[in-house]
Structures are given as C-alpha cells and as structure tokens.
Amino acid sequence: MKKQRGLVDDLALLDSVVLASFIASLYGEDEFLDTRIERLLLKNDTSTLIKTLKKKIKSLGINTYYYSYYQTRELANEVRQLQMDIENNILPGSPDQAFHLVNELLDTAENSVNRCDDSDGSVGDVYQDICLLWLKAASQSSVPATGWLPVVRQLADINDYGVLDLLLPNANLLLSEEELRQLAAYYEEGLRSSLKKKTDESRDISWSVNLQGVAKALKNPAIYIQATLLVSPSPNHMQMESMVEFSLRCGDYDEAMKWLEKDWGDHGWKKPNAIRLSLLADCYQGLNQPEKRLATLSELMDVEPTFENFQKIQPLVSEEDARQLREKLIVAVLKESELDDQLGPLLKLNEYSKAEKLAIKGVNEIAEWHYTQLLSLLDEVPEHGHILRILLLRSLADDILDGGRNQAYHHAASYLHQLDKLDKEVNNYSSLPTHTDYMERVKAKHKRKSSFWPQYNAL
C-alpha cells in the first residue's frame, strides 16, 4: 500500500498529455483493463455510467455462458469490477441509485453461481462482499415506508446459495439495536414453532442459523447459545466449539468456561479434547491467568503435538524446555502416516534436510496430490530448498499438461520457466532426473500441444 501511494505521487508529477497517451496505448491490450479505462472516462458522467452499469448487470443476470474452473476468476473479476464501480463512483454522490444498482447486482448471484465451477469460492466471495455493500448502500439511501427490518427479513429468506451468509451477522450496519432484538424475537418464535411441528429438520436449522446471525450482529452469546440449544439440547463438540468461540470473541469468558470445564472426548479425527484445551488456554489468557494457561498448553502438547501448538507454548517456557518440546514434536511428526502431514511441519520447523529426504522418497505420492496441496506446500519451502521446490513445480506442471487443461497452460509455462531458472542453482539432483532429462520427457510427451509451447517460449 505504501509503494502504491508513492506511485500515485510520482504519476501525479507527469504531464497530463503524457499520462493520457500512455493510458491510451494500453487500450486494446486486455479486455478487463479496457473496461476499467472506459468506466474511468465515465466517472464524471454519472448518468451515462449508471446506464452502462445497468446494462452490464442485466447481461450478467441472463448470460448462459459456462465458466470452467480455470475461467471462473474471469467471472469473479467481472462481478468485482461492477461492485467497485458502484461503491466508488455511484454511492458517494447518488446513494439511492447505488442501492438500486447493488440490489440488482445481488439478484444476479443465482445465475452466476449456477454457470461456473466455483470450487475455490471466488465468485461466492465476491457476492458476499456485495451483500456487505448492499447493507452499506441501504444505510445511506432513503428508508422505505415499511422501514428496513422487513426488507432484511425478506432477503434473508432467499439465501439458497450462501451468498447472503454475511447479511444477518452484519445487519447492525443498517438496523438499530431495537430492530435487531425484534428480528431475534421473530426468529426465536419461528424456531420454537418449527420445532413443535417436528416435520422439517432443515427448516429448524434455517431458523436457528438466522437467529445465530442476529446474535452475531448483537454480539450476544446468550442468544447465540440459545439458538443452538433449542435445536440440540445436548450439543456435540462442534456445536460447543462454535458456542465457545463466539463467547470468547464477545469477551464473555465466564460463559465460555461453562462449556470448557468438562472433557470433550477423543473420538473423531479432529481430536475434540485438543480443541477444548486450545480454547481453554485462550479463555485463561482472556481471564489473565497465565499459570493456568501454561499448564493447559502443556497438556495440549501432550494430546496434540503440532507446530501451531508448539508456537503457542514456546514463548512461555525456557530455552531448554522449548528445545525438548521441539525434539518431541519432530519425533511425533515423523510418526505421521501421511506424507503431507510430515512435510509441512518439518518445513515450518526449518528441518529442510529431513523434509527433502522424505519428499524424494515419496515423489510418486506427491505427484498424485491435488494442486492446492502442492501450492500450499510450495509456499512453505525456503529459498534455498531447491530440490523440494523443483519436485513440487514438476508435479504442478505435469498435472496441468497430463490433464490437457489448456486454460491453465500459462501456469504450466510459468512452472517450467521457474524450473529453467532453478536448474542454474542446482549441482546435484540427488535421485531425481536432471532438468535436461525432465524437459526431454516433457517435450516428447506433450510435443503436440501446440497451444502450450508458444506460451512457454514467450517467457
């Protein structure tokens, strides 16, 4: 952000004609950039900009083109640009018109979500941000004759795709505390009535979730917990975790402690009692009881020795105790059955040599990982970790090329280009094929992918 501000200052010193010529030279290079330039030119012509946005939003709502996984970012960027135009260029001077625009944009959510593979949630995330903009625009625009309460209630009832999940938890941006309490009473009454009918469990959950949403807006743990207990008088560990976390966020440590005093058990892969101990340590921190917090974190390290838990306790103990806990953690990590559960913690502990040996041994297993696993691990590899970085980049490139995913060829080209650079830094590939051997195999296997090689050669 600081660098961006400096750039703005430097650009402001340029001659306006020079700057205008430069911007004009960029026009036609990229469709998304073209749209931004066009709308920038309309910034001082609000009427024309509104007409343009209405047209774009209408098209967005009726378009039937399907976006594959690798194209979904394009759709997310298109919707994001509409959101930014409304918020930055319309809302400051025309809040009523901005609200109508954002309301229409929010209505396109169903069509957008249905015509894309939004596995990573990028499109859904944009619409959740638009939901927040809806609240912001509504708070600045004219209040309807009925008030905003029934409008919010009606909107919350059509949250079939989860894009309105932020509406009720943030309704305090628009509604008064009294209106929020009225809304809470409405959802509680609806929940109790639904439970009496005993006909639709999904409806019970919907009432409960909405009541919890209003509780978040009110920052009221009592209402939040009641919404849970009405549906589940004997809550499971996940529900208790949710109730405790919310109580802690609200600073209600006494309420949180009620659910933390008893053991949550060890059933399930998430180790419920480890979750309880972690939350209990947070509660003791809030209560300013450092000795109890340290004792709880020590117990947590015995139950679940992870890097994250080690980080929590390390600053609280002596160097010798920290060293012993670290060694204990390494032993526990090496006993993990999954390679992914070994490599991440070892890299975070700066045990690169151990991680590299395991990765080379498990190279075939790594090749089968999902690309999100590979990218996540790649972020953990230190700059000097050339071998492991090479292994991961090869797996990423192979995944794209073997699958023939031409939408992602630019990523594969980037990965191979990075491998070209790394080859200059590596003297010994250990048991891995050299870069020359690897590239010969890639070229032989994928030589007919005519749409890929120009992208690689252009780098």
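The accessible surface of the protein chain in this predicted model comes to about 25800 Å², and carbon and sulfur atoms account for 49% of that area. Turning from the surface to the interior, one finds that 41% of the 459 residues in the protein chain are buried.

The secondary structure of the protein chain consists of 26 helices and zero strands, and its C-alpha atoms fill a box of roughly 75 × 65 × 50 Å when the box is taken along the principal axes. Among the contacts in the protein chain with a separation of 6 or more, 59% are made by residues that stand 24 or more positions apart.

The charged side chains can be considered next: the protein chain carries 52 positive and 70 negative ones, and the centres of these two sets lie 1 Å apart.

Two residues in loops deserve a closer look for their backbone angles. Most residues other than glycine have a negative phi. Lys198, which is not a glycine, nevertheless has a positive phi, near 55°, and this residue is found in the loop that joins α10 (177-197) to α11 (201-218). Is Lys198 buried or exposed? Lys198 has a relative accessible area of 74%, and because a residue over 50% counts as exposed, Lys198 is exposed.

Asn288 also has a positive phi, of about 60°, although it is not a glycine. Asn288 lies in the loop between α15 (272-286) and α16 (290-303), and with a relative accessibility of 65%, Asn288 counts as exposed.

Definitions and conventions
Residues are numbered from 1 along each chain as its sequence is written. This is a predicted model: local features need pLDDT of at least 70, side-chain atom pairs count only at pLDDT 80 or more; totals for chains, interfaces and linings use all residues. Side-chain values use heavy atoms; hydrogens and water are left out. Helices (H or I, at least four residues) and strands (E, at least two) are DSSP runs, numbered from the N terminus. Buried means under 20% relative accessible area, exposed over 50%, partly exposed in between (1.4 Å probe, protein chains only). Contact means heavy atoms within 4.5 Å. Accessible areas come from the Shrake-Rupley method with a 1.4 Å probe; for residues, only the protein chains shown count as cover. Lys and Arg count as positive and Asp and Glu as negative; His and the chain ends are not counted. The place of a charge is taken as NZ of Lys, CZ of Arg, CG of Asp or CD of Glu.
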